Amino acid sequence: MNRNILLLIAAVIISCLFFPANLFSQQIPNPESEYLRIRSSAFEGNYDFAASAARKLVNEFPDYGDARILLGRILAWKKDYKQALAVIDTLLQKEPGNADALSARRDISQWSKGSTPVATDIRAGYSFDTFTEPNSRFWQVFNVGAGHRFGWGPAVAGINTGNISIGDSASIHKTEMQFIAEAWPTLTTKNYAYLAYAFSPGIYFPKHRAALEIWQMLPDGWAISAGLNYYYFTRNIFIAGLSVEKYISKYWFSAKGFVYFKDDGPTTSFFLNARRYFNNTDYLQVGIGAGTAPDEPFDVQTDLMRLSAYSFRLTCSINLTNKLTMRAGTGYSLEEHAEDIWRNRFEGNINFIYALKMK
């Protein structure tokens, strides 16, 4: 009996000395099959299990690039963006031209821009819109509100106070209020939405405003969206929107079209935007547009009356401190307000968001 035990121990020692160690440490016989199993589990939403299994696969097959990319994406779906980027960057150090890894990194960077450490905030801002033809009109809006990031996504509620002056001697001067709520719920790992409703007892703000837009994330940094805006002044107004977006490294590009459904036929507008990110939060954006369908939520009545328009906008977002963010913009439009009669129109805005509570 003792002799048999000694022979067994000797056999184990000889095996460890003369056979490769990975024959004992590698417990996954078919990495391709395991990859498919992990991916399927992740698509079903079992992120914790999939992340653990993917780590094991990467550890046992460190040169299996697709497994490392899958692990990075799973970690991003779990909102662990920092670790996800670290996993992808490790692969890019070895394979800097790996197209799938570069695509994954762009996607993760894009998703992380929608993630913020701010849990609760207060905000305030000011905007104006003015022209002088066929008469002088100055429309300004002051806003205050608060935001909170829930488990399903961020939401904001606020009050807009609008002040309008019409006529060279301000023959019309009126102040109104609007109450608004907005939300950006996450639907799935690749879908999110924008929801909004606003009410005003006045006549210059829409009495009712509602909006719905849904985004679909696509591979290689692409995204598409479709939405519908509803306004009610003295009649129902519907404006549909479609967009295509693309992230390329530190840049974001967007092409968006609007269709206003009129009784005598639809009118359209088209806008192109380019944004340059300097980090995960700060950016500078340039936009141009053409067409008559409105693309903004306040001054819809005036926009609906124009015959043609060309616009230019410049916006920026800057984190002034760890808790204070400033967003500002300016714009110019050349509008045909009557047949062959054009006017200059100017706009501007500035907003501040202060974090009360960080995650």
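What share of the contacts in the protein between residues at least 6 apart in sequence joins residues at least 24 apart? In this predicted model, the share is 46%.

**Figure 1. Overall view of the predicted protein model.** The secondary structure consists of 8 helices and 15 strands. The protein has 359 residues, of which 43% count as buried. Its accessible surface amounts to about 19,700 Å², and carbon and sulfur atoms account for 61% of that surface.

**Figure 2. Close-up of helix α3, residues 31-43.** The helix holds 13 residues, which at 1.5 Å a residue should span 18 Å. The C-alpha atoms at its two ends lie 18 Å apart, so the model agrees with the expected span.

**Figure 3. The buried face of α3.** Pro-31, Glu-34, Tyr-35, Ile-38, Ser-41 and Ala-42 are the buried residues shown in α3. Viewed down the helix axis, the buried residues fall within an arc of 130 degrees, and therefore line one face of the helix. An α-helix has 3.6 residues a turn, so residues three or four places apart point the same way. The cover over the buried residues of α3 includes α4 (47-60) and α5 (65-77).

**Figure 4. The two ends of α3.** At the N-terminal end, Asn-30 acts as the cap of α3. A side-chain oxygen of Asn-30 is placed 3.1 Å from the backbone nitrogen of Glu-32. Just after the helix, Gly-45 adopts a positive phi of about 95 degrees.

Notes:
Residues numbered from 1 in each chain as written. Predicted model: local features only at pLDDT ≥ 70, side-chain atom pairs only at ≥ 80, totals over all residues. Heavy atoms only, no water. Helix = DSSP H or I, 4+ residues; strand = E, 2+ residues; numbered from the N terminus. Buried < 20%, exposed > 50% of the residue type's maximum accessible area, 1.4 Å probe, protein only. Contact = heavy atoms within 4.5 Å. Areas by Shrake-Rupley, 256 points an atom, 1.4 Å probe, with all protein chains shown as cover. Expected span 1.5 Å × (residues − 1). Arc of directions from axis to C-beta. Polar contact = N/O pair within 3.5 Å; in protein donor to acceptor, adjacent residues only side chain to side chain.
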